[in-house]
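Student: I'm new to this one. Could we walk through it together?

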Amino acid sequence: MMGNNTLDRWFSCRPAAGVGRVALAEVPQLPYPAFAADMRALLGSVSGGADFSESNRCVAYFAVPDAATGGLSFYALVARDAEGDVLVAGHALDYYHEGFLESLSRDIPVLHVFEREITELYGVHFDGQPWDKPLRYSYNRHHRDDSMDTYPFYTIDSRDLHEVHVGPVHAGIIEPGAFRFLCDGERIVHLEIALGYQHRGIESLIAGTSHRLRQAVLGESIAGDTVLGHGIAMAGILESGAPEGWRGCDVIRCERAVALEMERLAVHIGDTAALCMDMAYQTGHVACEALRTLVINAMQQWCGNRFGKGLVRPFGANYRLTLERAKHIESTLTEVIGRYRTVGRDLLSTPSVLARLEGICPVTRGQALRVGAVGPSARMAGVRRDARCAFNFYPLEGFEPVVVDAEAERGNGDLLSRLKMRLREAEVSYAMIVAGCKELAGKWFEGYPAPDYSRALAGESLVFSLAEGWRGEICHAALTDGAGEVAAYKVYDPSLHNWTMLALSVRGAQISDFPVSNKSFNLSYCGHDL
Amino acid sequence: MLLTSIKVLMQHGTQYIRHLDRVKLCDEFRGRPVLRSAGLTAAAGAELCGLCPTGAISFGPGLTLDMGKCLFCGECAVRFPEQVRFTNEYRLASPTREGLVVTEGQAAGEWNFDYSAVRPEIGRMFRRSLHLREVSAGGDNSCEMELGAAGNVNFDMGRYGIEFTASPRHADGVVVTGPVTANMARELESTWQAVPEPKVLIAVGVDAISGGLFADSPAVNREFFEVHKPDLYVPGNPAHPMTFITGVRALIGCRTGVPAAAEDRETGE
């Protein structure tokens, strides 16, 4: 196979604490056929079946205009858990190139979002792209005449099927997105999700300023429910200018780990509440709602904001997790996790609850691998993917991600698996927070650095940062210019991949199952739309 | 089974905050800022103004801070502790845009809610029941979650007859979060048009009030707010549920601290 010859030309980067950088000159530029063959070798299925790689995944694939030639430069990042590295390579498209590049999405469905984004921005279509539709109708799209109103929904001309359209304004306090169901009676045949209503142009805003604090707060606003996940990923980029990346301070890194786990714990409990609400189980709903309040109020006592805004800053922080605050967090969360355990026992022993969850809206392990699911959405289907084990610094020794083994537990990535996922992951988060607080208690005498907004990023480089937010793997990537300022910024929220999981989960289900399945994934609209 | 359910309920206990009028948030919470320009040189003043990521602070003469632009990130208070201090005062809402601008010499506990700026029919129509329709137009989901929390078991604003409703046809007003993205502009307008008169418009969070970080983004279209003027501005990033609840109660004419009987006489009911 041709790929074997060029695969060793990819630049292998071992990220330190999730952050890696490659000088632009060192990014290997491959001819497109070789690039395509390598991508197939890395990400494709060997037999043409469902055996897509569990360890390898494409975390970023984007194009930027090349001012010198007028063409496009492409960059791809493939993370490999088994090797603990990230492979980087690129290819270029000449301005005068005739015809279109061959689409890889047919063989590697994961790539459809990346290819669609490139097509939307630059009008460069991929030959044979099976789902050539706009991704988010960004303001700088190539075809300005296309708008949200002309989204080409998939339709079937049939007398037996009918369509149900929901959104973008939904019957609740949630973000906008449009859902179109193709139904056979009550049974859903197909669901198509059209997003883009939340597009705020955040990537251009980050690249358009050199004000570090402004960049940091923009990072916190990518998704207001994943403030810490995105904040930490962005801090990694902003700290890339220090030699060998910024590994200066264990106290800060440990604090970030604690904060990230607190966010995960709060959201998992909140999602349990939302799930209970949608299956009309009032006891679980109100109990979890109250528990979530305790966790986010503990966060407020630490940094003054219930969502952790203001906590993560480059090269330091403003709100130290003092012994007193750590003790308060520990005692609050010990109370919370005890009560949450009881709620979990209650849920799993109540037949009416189980009947609503078992076998409903399943997604198989094969499907999850095929669409490139990440985070809890993947782990609940038995796919072991967690950026925490390979790339991040964590205070807990021997961290092992929670994976709900769908086959062994006779589930099939159904609603029950998603609930169990949350119940178990909350326990791990709690253990990590306690371990982190202990570790910090032994470092109270160490210095505490203040944020530094004056330092440049690594110059002339491709910088990337990976963090495991509560929805899954977050990837930020930046191209920097000679002065160490951001020239182009890319944000990849886990929802980008996981929305397809939601669409697959409701096939064959009833429309009334959709709200429950939607809550069980709890994906981000603004994280997708940016 | 049943015993576990009972245990859950026992542990749950009573969760609602009994007296919402007397809530005090923790000292770390960043609410109404207090400003002092004494001793601030012109150069340091320029640095302070330049520090703010949304340009909410201006200097000369005297310091002012526009809470409609403020992200409450607290960076100014960390770097200039002599000049800016954030108190834990969460009553920040205002019926006018100018009411969000904090000047020097304003006391921390002072909430200048300008009751005279509120349209009289709002109190008359909605004092006992206000049903709102929420539209997120580019909000980052933190304001949305806090609005959801305002109705949860802890804050329970439903006790005052303030609730969120599923359809604009059932609503007395619209709550907007987010900077209003171009892709959402038309949907926001049609939701507003679908609400019957008389109706109220409430802007929640820095994004909705001024555009916040996204004010200059080409992906944002704020024509909606050029045509329709909000009846209430609720600042914050995100706005705390208490900020929202106290603001809306003030809007519909429930002056906190004034006994209900006196209130009734005042409005002639």
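Student: Is Asp346(A) buried or exposed?
Tutor: This is a predicted model, where local features need pLDDT of at least 70, side-chain atom pairs count only at pLDDT 80 or more, and totals for chains, interfaces and linings use all residues. Residues are numbered from 1 along each chain as its sequence is written, chains are lettered from A and ligands numbered from 1 in the order written, and side-chain values use heavy atoms, leaving out hydrogens and water. Buried means under 20% relative accessible area, exposed over 50%, partly exposed in between (1.4 Å probe, protein chains only). Asp346(A) has 1% relative accessibility, so it counts as buried.

Student: Which residues of chain B does Asp346(A) touch?
Tutor: Contact means heavy atoms within 4.5 Å, and residues up to four places away in sequence aren't counted here. On its own chain, Asp346(A) touches Tyr281(A) and Thr283(A). Over on chain B, the partners are Met1(B), Thr4(B), Ser5(B) and Val8(B).

Student: And which helix holds Asp346(A)?
Tutor: Helices are DSSP runs (H or I, at least four residues), and strands are too (E, at least two), numbered from the N terminus. The run covering residues 323-348 of chain A takes in Asp346(A), and that's helix α9.

Student: Which helix gives the most to the largest nonpolar core?
Tutor: A nonpolar core is a set of buried Ala, Val, Leu, Ile, Met, Phe, Trp, Tyr and Cys residues joined through side-chain atoms within 4.5 Å. The largest has 97 residues, and Phe179(A), Met262(A), Trp302(A) and Leu311(A) touch the most other members. With 14 residues, the top contributor to this core is chain A's helix α7.
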